[in-house]
Each structure stands twice: as structure tokens, then as C-alpha cells.
Amino acid sequence: MSQLTSSLQWKSLQNLYNGKMKSAHMRDLFKNENRYCEFNVRLDNLGITFDYSKNIIDGQTMQMLFSLAQAGDVKNWTKKIFSGEKINWTEKRAVLHSALRNMSGNPVFVDGKDVMPEINEVLNKVKSFTDDLRKGKWLGKTGKKIQSVVNIGIGGSDLGPRMVCEALKYYADGPEVYFVSNIDGADIYEVLKKLDPETSLFIVASKTFTTLETITNANTARKWLVEKLGEDAVKNHFVALSTNKEKVAQFGIDTKNMFEFWDFVGGRYSVWSAIGLPIACAVGFDKFKEFLSGAYEMDQHFINTPFEKNIPVIMALLGIWYNNFFNAQSYAVLPYSQYLHRFTAFLQQSDMESNGKTIDRDSNKVDYETGQILWGEPGTNGQHSFYQLIHQGTKLIPADFIGIVNPPEKIGDHHNKLMSNYFAQTEALAFGLTKEQVIETLKKGKYSQQDMEMLTPHKVFDGNKPTNSILLDELTPKTLGALIALYEHKIFVQGIIWRVNSFDQWGVELGKVLANVILPELEEKTQNSHDCSTSSLIKQYLKLKKN
């Protein structure tokens, strides 16, 4: 047995699950009328209410989960990550995305060097550039104001800024921002046909400036621009988010228009860095700063709050409770806001790339489940799609429901209708419908006895489906920043307890390596040695390809 599964805390939780919680039902747990007050956290400074009362837990469960976090040394690891220790041990790197939103004025050290001056220098550069762009001081080659900004990146260089730009679209008052990520030519083709080259700016986001998808798309955009405006237009219509000055210069971008970031910032945690440049273009630097401040305040909550009232810690522990003891293989994140329609896709990378690991910090294979499969869709769209499976399927699927009290948009009676569904779904998932309730309802209809007997089992809802309710007073740059940071810390805590490195991603690399082997075969029609399936598929592709 591993160090984790052989621990007293783990065994105690397993015994608790087997003993009483496996058969516990929320209908009985809610006989405690103080349950909401006991399992609820309110952050007035951020306008966030977190209700976790609709979970298969009691006070004893939570105390034992807190003991698991204590035994996992979560507090000490939290100090390590915020102090710049190299907790990404496979790459020997610090993990300091929190420094990018450090509003305290205090230094943050890596290898004895305060990194805050460099971070603030890049932030000031982002401010200066986006102010000029939005005010019409940065002009295209022909002297026209930039109206369209296209971010070319992939993974963390796309998912984060794309999601935030969508979430804050109500506040957008700058140029129209587009995103290109997929190496599939359809992605950039559909964006380019909407653009006027004279009023378009491209942001190329790649730390090494060698990422295959990003550089392929950037070269296509460059060719399109040069054909229309000439070679010398590149310097007016391209900027770079990178650390590779040589490659950036070779592309034709003035390195003065290169925005740096650092090895201590992983891609999926980089939205707070210069990778957030398209956000500042869309909503302005002041609102981007508010976005950072919301994350900083969530950092402070996470660092300073005891486990019993610490939202990221509680969320992390509940996830472990279901993943490792109830054997729940996935969980859903369900935002009841169209502005957050890309939030779950963003979290998929944050969570599954971080904790989808099988090797622990002692380089041993784990004997327990780690990262869950994360999925979801916004609001009532999901209700008319996959909620059937959550309500009456055979799988236990815990879910986070995210709602907004006061949405930025005010239009008719839409919001009350949306939120009535938000509240109804968590109630229905928790308590369901008993056989007796179904029969009582059917008796009021015009059903024969035979039809009632046939229909009853189909209309019974077992309930006992766990949910967290996250309620934001408003959706603002600040609350969005806090929400993202909340999930970042939740992922971190789970990784620490599971004893995995949440900050590397070696599993992403193998497919890239093999793709580089196969590409020359497709272009030159040569053949390397593969398994019979891959070889045959390549031959079929080349046989059917028209050009």
C-alpha cells in the first residue's frame, strides 16, 4: 500500500464510508435544520456564497477530511508554493502564478532574486501598449486605428484569455478580439475572412516561439497580411508573447513589442501574465487589474483561512471524498451564465492536465485514483442535454453549480427564469422523488391502475446526487478573478493530498514527438515503421488525398 492509502486518516475515511456514509441519504441528513449554516461559507469582500450542504457528508465526515488535509501537510505546501520553492520537482521550477497578481507590495523571491520588479515592468508594458491601442495611438501600416485583435496561441495561451474575454464581454469597449488555436486550417480561415488587414493586429503567444500549432497559424496570418500590405507591415500588425527574442526577430516582430513571461508560470496558469494581453485590449487595463485583484484576494483567503472555512480546501476534500471513496469517475461544472460558457473548457485543462498523473512524488505508481474527468455546459442548455444521466443514470456525478445574483445585463424576466432552474436542479438532485410521491402525483392524473404501475418506477428519482452551489453577487472582473483562483487552489490541494506534481505535463509530449515523425511521411510520401493500423491509415490517407 502507498503512503496515502496506508495512512490512518485514509483508512478512517474508508471505514466511515463503509460504515454509515455509503448508505446515507440527504433526505435524512437534512433533518438537521441548521445544516445550511454549518456547511456554508460567505466571503463578503468578494461577494461569494459557497453552499456545500447538499453533499453526502456530516460533521464527522468533514472533520476526518480536514484531518486528511492536515496529514497531507497542505499548510506547509501552501507556504512552499507562495514562497517560490521549486515544488515542480520534475522540471526543477518554482510555481508562482500567484506572484503575477501580488497586490501586497511585498517581494517574492526565486533563487534569492525578487521577481516582482520584472513582473511589474511587464504589467506596465501591457498597460502602456493597451492604452495606446485602445486610444488609437497604435496604428496599422496605413495609419488606420486597430479594430480587430487576433490572439494566436494554444492550450494555456488560448483557453484562459479566450474564456475571460467571453466572460467579460459585457465590459468590452475596445477592439473586437478573436482567437485562433487549432492547427486545423478551418480555424484561422474563418477568422481571416472577417478581418480588414489595415485594421487588424495579431498577438502571437508562444513561450518558445516554436509551438507547432501557433507558429503554423502565425505564418499563415503573416502571409495573408504581407500579400495585402507588404513585408514592412509585419512590425505594425504583429506583437509577441514570448521569451525567444531571436525567433521573434526572425519572424519580423520588433522585440520592443515582445512581452515576456517566466518559467515559474505554467501555461494553464498564465492568464494573469502577459498572456492576458487580449483581455486588457478588450476591457482595458484598469479592469484587467481588477481581475488580478480578485485573484489576489482569493489567494489571501486560501493562505489565511482555517480549513473549516477555506473554500478551496473544502472543495478539494469533497472532490477526493467522491473520487476516492464513492468511486465517482467524473464531475460536472455547470455555470448558469452564458458569459461563462467557456469556463468549463478552461477548467478541463487546469484540472485534468494538472492532476491526471499516475506517479507520486516518490516516483512510485499510485494505488488510488487521481484526477477526475471534468465536463459540463452552461445553464439550461445542459438541462436539455445530459442532466437526464445525472438525475437517473447509473453513475454518481458530483456537480458544481455556479450562479449570479445580479447579472451585468438587464433584459426582461430572463434571469429569474434562469435562476429558478439553478435552484430547482440542486434541490431535485439532492432529494429526488420517492415512489410514494410519484404515486400521489399520478393519482391526480387520468391514469389507469396498470399505467400507474408501469410509469411509477420510471418517474422515481433516487436523489442523493451531491452538488456545491457557488453564488456570485455579481459577475465582474474582480469576482471572475476570484473564481478562477478558487479552482486553481482547489486543484493544488488535491494534487498535494494525492502526492502528485500538479505542475508538469509530460503526457502531452509523446503525441507531439510522434506527430513530428509522421509529418514528413505525409508531405514527402515516405513511409516509416509503425504498427499495422497506423501504417494502413497513413497509406489510405495518402491514397485518397487530392492534393
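In this predicted model, helix α22 supplies the largest share of the lining of the largest pocket, namely four residues. The volume of that pocket is about 1100 Å³. Its lining comprises 40 residues, and those closest to the centre are Thr211, Gly267, Gln505, Glu509 and Lys512. Besides α22 (509-524), the elements that contribute two or more residues to this lining are α7 (156-167), α9 (212-229) and α15 (343-355). In terms of residue class, the lining divides into 16 nonpolar, 15 polar and nine charged residues.

The second largest pocket has a volume of about 370 Å³. Ser337, Gln338, Tyr339, Glu409 and Leu418 lie nearest its centre, out of 20 lining residues. Two or more residues of this lining come from each of α16 (379-383) and α18 (414-431).

The structure also holds five cavities of 30 Å³ or more. In the largest cavity, the space amounts to about 130 Å³. Of the 13 residues that line the largest cavity, Met315, Gly319, Tyr331, Asp400 and Asn468 lie nearest the centre. Helix α14 (311-324) and strand β12 (399-406) are the elements that give two or more residues to this lining. The greatest contribution to the lining of the largest cavity is that of α14, with four residues.

The class composition of the three linings is set out below.

| Space | Nonpolar | Polar | Charged |
|---|---|---|---|
| Largest pocket | 16 residues | 15 residues | nine residues |
| Second largest pocket | nine residues | eight residues | three residues |
| Largest cavity | seven residues | four residues | two residues |

The remaining points concern a helix pair and a strand pair.

Helices α5 (residues 74-82) and α21 (residues 477-498) have axes that come within 10 Å and cross at roughly 120°. Because the crossing has this angle, α5 is oblique to α21; the range of 65 to 115 degrees would instead count as roughly perpendicular. The crossing in which α5 passes α21 is right-handed.

Strands β1 (residues 40-43) and β2 (residues 48-51) run antiparallel and are joined by four bridges. One of the pairings links asparagine 40 with its bridge partner in β2, aspartate 51. The hairpin formed by β1 and β2 has four residues between the strands, and glycine 47 there adopts a positive phi near 65°.

Technical notes: Residues are numbered from 1 along each chain as its sequence is written. This is a predicted model: local features need pLDDT of at least 70, side-chain atom pairs count only at pLDDT 80 or more; totals for chains, interfaces and linings use all residues. Side-chain values use heavy atoms; hydrogens and water are left out. On a 1 Å grid over the protein atoms alone, a cavity is a set of points where a 1.4 Å probe fits but cannot get out, and a pocket is an open set with protein on both sides within 12 Å along at least five of seven lines; lining residues have an atom within 4 Å of a point. Grid points are joined across faces, edges and corners, and a volume is the space filled by probe spheres set on the points. Ala, Val, Leu, Ile, Met, Phe, Trp, Tyr, Cys and Pro count as nonpolar, Asp, Glu, Lys and Arg as charged, and the others, Gly among them, as polar. Two strands pair if DSSP finds at least two bridges between them. Axes are lines fitted to C-alpha atoms, for helices over the stretch in contact, and angles run from 0 to 180 degrees between N-to-C directions. Angles under 35 degrees count as roughly parallel, over 145 as roughly antiparallel, 65 to 115 as roughly perpendicular and the rest as oblique. A crossing is left-handed if the near helix is turned anticlockwise from the far one by less than a right angle, and right-handed if clockwise.
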